Amino acid sequence: MVPLEIVVPVIMSCALLWWVSRGMTWSTRLIVAAITLVVVICIVLFERAGYWPDQFRR
């Protein structure tokens with residue numbers, strides 16, 4: 001069973017991406033999705049490397 005703390009952000013992200021991309025072409029949607037993925041990966045790498053501020057951690 002998949003934990004709820006994973007399912008809810010995934011569903012919310014899909015809904016937000018659909019809402020933002022309603023007037024966009026498919027190529028623009030792919031670019032937005034790629035940029036979002038790069039930002040998420042950068043944040044995870046900063047956090048794993050220890051550069052993320054302690055007050056932002058749980």
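How do the residues of the lining of the largest pocket divide into nonpolar, polar and charged? The structure shown above is a predicted model, and the pocket is a convenient place to start reading it.

The largest pocket has a volume of about 190 Å³. Two elements each give two or more residues to its lining, namely H1 and helix H2, which covers residues 26-49. Helix H2 supplies the largest share, with five residues. The full lining consists of Ser-13, Leu-16, Leu-17, Val-20, Val-32, Ala-33, Thr-36, Leu-37 and Val-40. By class, seven of the lining residues are nonpolar, two are polar and none is charged. That settles the opening question.

Helix H1 can be followed next. It spans residues 4-20, and Val-7 lies in it. Val-7 has a relative accessibility of 30%, so it counts as partly exposed, because that class lies between the 20% limit for buried and the 50% limit for exposed. Val-7 also belongs to a nonpolar patch on the surface, which it makes together with Leu-4, Val-8, Ile-11 and Met-12. The area of this patch is about 470 Å².

Trp-18 is another residue of helix H1. Is Trp-18 buried or exposed? Its relative accessibility is 55%, so Trp-18 counts as exposed; the cut-off for that class is over 50%. A distance to Leu-45 helps to place Trp-18 in the model: the two residues are 27 apart along the chain, and their C-alpha atoms are separated by 27 Å.

Helix H2 contains Leu-30. With a relative accessibility of 59%, Leu-30 counts as exposed because this value is over 50%. Along the chain, 10 residues separate Leu-30 from Val-40, and the distance between their C-alpha atoms is 15 Å. Val-40 is one of the residues that line the largest pocket, which brings the reader back to the starting point.

Notes:
Residues are numbered from 1 along each chain as its sequence is written. This is a predicted model: local features need pLDDT of at least 70, side-chain atom pairs count only at pLDDT 80 or more; totals for chains, interfaces and linings use all residues. Side-chain values use heavy atoms; hydrogens and water are left out. Patches are made of residues with over 30% relative accessible area and no salt bridge: like charges are joined within 9 Å, nonpolar side chains (Val, Leu, Ile, Met, Phe, Trp, Tyr) within 5 Å. Accessible areas come from the Shrake-Rupley method with a 1.4 Å probe; for residues, only the protein chains shown count as cover. A salt bridge is a side-chain nitrogen of Lys or Arg within 4 Å of a carboxyl oxygen of Asp or Glu. Helices (H or I, at least four residues) and strands (E, at least two) are DSSP runs, numbered from the N terminus. Buried means under 20% relative accessible area, exposed over 50%, partly exposed in between (1.4 Å probe, protein chains only). On a 1 Å grid over the protein atoms alone, a cavity is a set of points where a 1.4 Å probe fits but cannot get out, and a pocket is an open set with protein on both sides within 12 Å along at least five of seven lines; lining residues have an atom within 4 Å of a point. Grid points are joined across faces, edges and corners, and a volume is the space filled by probe spheres set on the points. Ala, Val, Leu, Ile, Met, Phe, Trp, Tyr, Cys and Pro count as nonpolar, Asp, Glu, Lys and Arg as charged, and the others, Gly among them, as polar.
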